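Please open the model in your viewer and keep the sequence panel in sight. We will go from stop to stop, selecting residues as we go.

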Amino acid sequence: MASNFNWITPVYDTLARAVFGQSLNRAQSVFLDRIPAGASVLIVGGGTGWLLEPLLRGGRTSHILYLETSARMLARASQRVLDRQLLGVVAFQLGDERTLPTGMNVDVVITPFVLDMFTAQSLRTQMIPLLRQALKPGGQWIITDFVVGAGKWQKRLIQLMIWFFRLTASIETRQLVDWQSLMAETGLRLQERQPQVGGMVSAEIWVDPLVS
Ligand SMILES: C[S@@+](CC[C@H](N)C(=O)[O-])C[C@H]1O[C@@H](n2cnc3c(N)ncnc32)[C@H](O)[C@@H]1O
């Protein structure tokens with residue numbers, strides 16, 4: 001069954017801030033300045049749209065496709081663009097990676113705290129290959145997410161969050177998957193990774209190796 005964040009949407013940002021302060025947003029910002037000027041960007045699972053603010057204010061993107069499976073998250077994200085009077089071209093699409101237009105070719109894919117919701121099987125056979133396909137030769141994939149290999153209490157917190165989101169949003173996985181190893185199987189090259197939030201999160205930029 002696909003996850004459903006509609007119910008939790010109104011309190012999602014407040015909960016995230018209560019547990020992590022601004023550190024999750026900071027972690028998502030680490031590699032935004034690597035986005036080339038005029039880039040086309042695909043944001044997958046951006047939630048209430050916080051990430052649109054630095055991206056549109058930075059003025060580096062030509063257009064953004066904002067892909068979300070939660071209608072309420074999507075509505076909040078588009079309302080945010082209006083409320084903050086952000087300028088730029090953004091298409092809001094309700095759906096998951098299977099609904100992406102065929103032949104899509106973006107410069108940058110961004111997955112902020114999304115890979116952590118899936119089983120290894122789903123990541124390997126659906127999410128990662130479909131997003132890889134949407135990336136232009138030479139493109140970049142910016143990932144921010146919780147990682148396996150964190151310290152003891154951090155592992156417990158991650159497991160608690162997984163159970164919380166299984167209950168409230170029906171996420172698929174029962175445990176955090178080693179998505180970093182799965183990314184290494186894609187043929188993309190890890191350009192840089194920076195540990196965040198005391199090592200329980202990693203901000204990473206993966207590039208298509210056609211560009212060195
Ligand atoms: C854990 S939340 C993270 C939200 C946001 N990136 C943040 O950091 O605040 C995951 C988001 O991904 C969305 N989502 C889940 N599966 C998805 C999929 N296959 N494609 C697109 N969005 C998805 C959910 O609706 C939810 O808004």
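A polar contact here is a pair of N or O atoms within 3.5 Å. Keep that cut-off in mind for the first stop. The model is predicted.

**Stop 1: the ligand**

Select the ligand and the residues around it. There are 21 of them. The closest are Gln28, Gly45, Glu68, Glu97 and Pro112. Colour this shell by class: 10 residues are nonpolar, eight are polar and three are charged.

Now look at the nitrogen atoms of the ligand. Which distance separates a ligand nitrogen from a polar backbone atom of Pro112? It is 2.8 Å. Because the cut-off for a polar contact is 3.5 Å, this pair falls within the limit. Next, show the backbone of Gly45. One of its backbone N or O atoms lies 2.9 Å from a ligand nitrogen. Then show the side chain of Thr69. A polar atom there lies 3.2 Å from a nitrogen of the ligand.

How much of the ligand's accessible area does the protein cover? On its own the ligand has 590 Å², and the protein covers 93% of that.

**Stop 2: the annotated domain**

Select residues 41-139. An unreviewed UniProt entry places the feature "domain: Methyltransferase" on this stretch. Colour the stretch by secondary structure: it is 35% helix and 29% strand. Then mark its two end C-alpha atoms, which are 10 Å apart.

**Stop 3: Glu68**

Return to Glu68, one of the closest residues to the ligand. Glu68 is in strand S2, residues 61-68. Is Glu68 buried or exposed? Its relative accessibility is 6%, so it counts as buried.

Show the side chain of Glu68. It reaches the backbone nitrogen of Ser70 at 3.0 Å. Then add the contacts of Glu68 from beyond four places in sequence. Among them are Gly45, Gly46 and Gly47. Gln93, Leu94 and Gly95 are also on the list, as are Met73 and Leu74.

From Glu68, draw a C-alpha distance to Thr48. The two residues are 20 apart in sequence and 9.6 Å apart in space.

**Stop 4: Thr48 and Arg80**

Move to Thr48. It is in the loop between strand S1 (39-44) and helix H3 (52-58). With a relative accessible area of 4%, Thr48 is buried. Show its side chain together with that of Asp13. A polar contact of 2.6 Å joins the two.

Beyond its sequence neighbours within four places, Thr48 is in contact with Asp13, Tyr66, Met73, Arg76, Ala77 and Arg80.

Take Arg80 next. It is found in helix H4, residues 71-83. Arg80 is buried too, with a relative accessible area of 12%. Leaving out residues up to four places away in sequence, Arg80 touches Asp13, Thr48, Gly49, Trp50, Glu53 and Leu86. Asp13 is thus a contact of Thr48 and of Arg80.

**Stop 5: Phe113**

Jump to Phe113. Its loop runs between strand S4 (106-112) and helix H5 (120-134). Phe113 is buried, at 11% relative accessible area.

Which residue, 68 positions from Phe113 in sequence, has its C-alpha 7.8 Å away? Gly45 does. Now select the contacts of Phe113, setting aside neighbours within four places: Leu24, Gln28, Thr144, Asp145, Phe146 and Val201. Gln28 takes you back to the ligand, since it is among the residues closest to the ligand.

**Stop 6: Ala150**

Go on to Ala150, in the loop between strand S5 (135-146) and H6. Ala150 counts as buried, at 6% relative accessibility. Its C-alpha is 8.5 Å from that of Gly198, and 48 residues separate the pair along the chain. Not counting residues up to four places away, Ala150 touches Lys155, Ile158, Gly199 and Met200.

**Stop 7: two positive phi angles**

Finish with the backbone. Select Ser170, in the loop between helix H6 (152-169) and helix H7 (179-184). Its phi is positive, about 55°, although Ser170 is not a glycine. At 25% relative accessibility, Ser170 counts as partly exposed.

Last, select Val197. It lies in the loop between strand S6 (189-196) and strand S7 (201-207). Val197 also has a positive phi, about 50°, and is not a glycine.

Methods. Residues are numbered from 1 along each chain as its sequence is written. This is a predicted model: local features need pLDDT of at least 70, side-chain atom pairs count only at pLDDT 80 or more; totals for chains, interfaces and linings use all residues. Side-chain values use heavy atoms; hydrogens and water are left out. A residue is near a molecule or strand if one of its heavy atoms lies within 4 Å of it. A polar contact is a pair of N or O atoms within 3.5 Å; within protein, one must be able to donate a hydrogen and the other to accept it, and residues adjacent in sequence count only if both atoms are side-chain atoms. Accessible areas come from the Shrake-Rupley method with a 1.4 Å probe; for residues, only the protein chains shown count as cover. Ala, Val, Leu, Ile, Met, Phe, Trp, Tyr, Cys and Pro count as nonpolar, Asp, Glu, Lys and Arg as charged, and the others, Gly among them, as polar. UniProt positions are given in the numbering used here, feature names are shortened, and annotations may be inferred rather than shown by experiment. Helices (H or I, at least four residues) and strands (E, at least two) are DSSP runs, numbered from the N terminus. Buried means under 20% relative accessible area, exposed over 50%, partly exposed in between (1.4 Å probe, protein chains only). Contact means heavy atoms within 4.5 Å.
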